[in-house]
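Colleague: I'm new to this one. Can you put it up and walk me through it?

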Amino acid sequence: MRIVIAGGHGQIALRLERLLAARGDEAAGIIRRAEQGDDLREAGAEPVLLDLESASVEEVAAHLQGADAAVFAAGAGPGSGVARKDTVDKAAAVLFADAAVRARVRRFVIVSSMGADPDHPGDEVFDVYLRAKGEADAHVSRQQALDWTILRPGQLTNDAGTGLVRLEAHTGRGPIPRDDVAAALVELLETPATAGLTLELISGSTPVSVAVKSVAGN
């Protein structure tokens, strides 16, 4: 498969790119800065230089042409302010989904956040973040031309992955290594029967592949 990943230099995206390359899939990661390209090439992915905060839907769609799937794994990051929660976590996700529709890329997976809710109250930066992620998820879920899956991980850690998770519509809060998020994304991409599902992900006792098959009804 050819998979195009928004936020290609992110911590989850780089892990995902390595896993895809190891499987023989073709990964392309969208990055904002040319100097990030070497890290993607080292991970086995093709760097695509494009700023999702200023690109048009036509420009993004051009890079999605011929892809088998699209993954939105971009984020403004913990050090960013309110404005970039809107331009990245919401607007860039909406743009990427619209571009996938235009490019006729049906399979679409978005990395969201546990607690994402378009009606989340509050004015603190994290409140705005959860609202932005929720609004992005709502937009994606309305796209009938997409076979979408929304993945909402718990508290992200850099601990080594265990390959054991809990993946359900509602898991309750908990930590999850980024390694295991990337592994779950690979399995979700391989399992189109998870389309239309919004899933929470934390560490657990079930192997990733078994957890994905279970939510897919297999």
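Modeller: Let's start with a term. A salt bridge here is a side-chain nitrogen of Lys or Arg within 4 Å of a carboxyl oxygen of Asp or Glu. Keep in mind that this is a predicted model.

Colleague: Fine. How many salt bridges does a search of the whole structure find?

Modeller: The count is 13. One of them joins the side chains of R23 and D25, at 3.5 Å from N to O.

Colleague: Are R23 and D25 buried or exposed?

Modeller: They fall in separate classes. R23 is partly exposed, because its relative accessibility is 41%. D25 is buried, with a relative accessible area of 13%. The cut-off for buried is under 20%.

Colleague: Which residue forms a salt bridge with D38?

Modeller: That's R41, and the closest N and O atoms are 2.9 Å apart.

Colleague: How far apart are D38 and R41 in helix α2?

Modeller: Three residues, in a helix that covers residues 37-43. So about one helical turn separates D38 from R41. R41 itself is partly exposed, at 48% relative accessibility.

Colleague: Give me a pair that links separate helices.

Modeller: Try E58 and R102. Their side chains meet in a salt bridge, 2.9 Å from N to O. E58 sits in helix α3 (residues 57-64) and R102 in helix α4 (residues 82-102), so this pair ties together parts that are 44 residues apart in sequence.

Colleague: And how exposed are E58 and R102?

Modeller: E58 is partly exposed at 45% relative accessibility. R102 is partly exposed too, with a relative accessible area of 46%.

Colleague: Which residues are joined into one network by salt bridges that share partners?

Modeller: R2, E26 and E46.

Colleague: Back to α3 and α4. How do their axes cross?

Modeller: At roughly 60°, and the axes come within 8 Å. That angle is why α3 and α4 count as oblique to each other. Their crossing is right-handed.

Colleague: Which residues of α3 and α4 meet there?

Modeller: From α3, we have V57, E58, V60, A61 and L64. They meet L95, F96, D98, A99, A100 and R102 in α4. By class, that contact has eight nonpolar residues, no polar ones and three charged ones.

Colleague: E58 and R102 again!

Modeller: Yes. Both are in the α3 and α4 contact, and they form the salt bridge from before.

Colleague: Let's switch to α1 and α6. At what angle do they pack?

Modeller: About 50°, with their axes 8 Å apart. Helix α1 covers residues 11-23 and helix α6 covers residues 178-189. At that angle, α1 and α6 are therefore oblique. α1 passes α6 in a right-handed crossing.

Colleague: What touches what?

Modeller: Q11, I12, R15, L16, L19, L20 and R23 are the residues on the α1 side. On the α6 side are R178, D179, V181, A182, A183, L185 and V186. The classes come to nine nonpolar, one polar and four charged.

Colleague: So R23 turns up twice.

Modeller: Right. R23 is in the contact with α6, and its side chain also meets D25 in a salt bridge.

Colleague: Now V140. Where does it lie, and is it buried or exposed?

Modeller: V140 lies in helix α5 (residues 125-141). V140 counts as buried because its relative accessibility is 0%. Leaving aside neighbours within four places in sequence, V140 is in contact with A97, F108, I110 and W148.

Colleague: How far is V140 from D25?

Modeller: Their C-alpha atoms are separated by 25 Å, and V140 and D25 are 115 residues apart along the chain.

Colleague: What about A211?

Modeller: A211 is in helix α7 (residues 208-215). A211 is buried, with a relative accessible area of 5%. Not counting residues up to four places away in sequence, A211 touches V165, L167 and T206. The C-alpha atoms of A211 and D25 are 22 Å apart.

Colleague: Last one. What is phi of R104 near?

Modeller: Near 60°, a positive value in a residue other than glycine. Most residues other than glycine have a negative phi.

Colleague: And where is R104 placed?

Modeller: In the loop between α4 and β5 (107-111). R104 is exposed, with a relative accessible area of 75%.

Methods: Residues numbered from 1 in each chain as written. Predicted model: local features only at pLDDT ≥ 70, side-chain atom pairs only at ≥ 80, totals over all residues. Heavy atoms only, no water. Buried < 20%, exposed > 50% of the residue type's maximum accessible area, 1.4 Å probe, protein only. Helix = DSSP H or I, 4+ residues; strand = E, 2+ residues; numbered from the N terminus. Axes fitted to C-alpha atoms, helices over the stretch in contact; angles between N-to-C directions. Parallel < 35°, antiparallel > 145°, perpendicular 65-115°, else oblique. Left-handed = near helix turned anticlockwise from the far one by under 90°. Contact = heavy atoms within 4.5 Å. Nonpolar A, V, L, I, M, F, W, Y, C, P; charged D, E, K, R; others polar.
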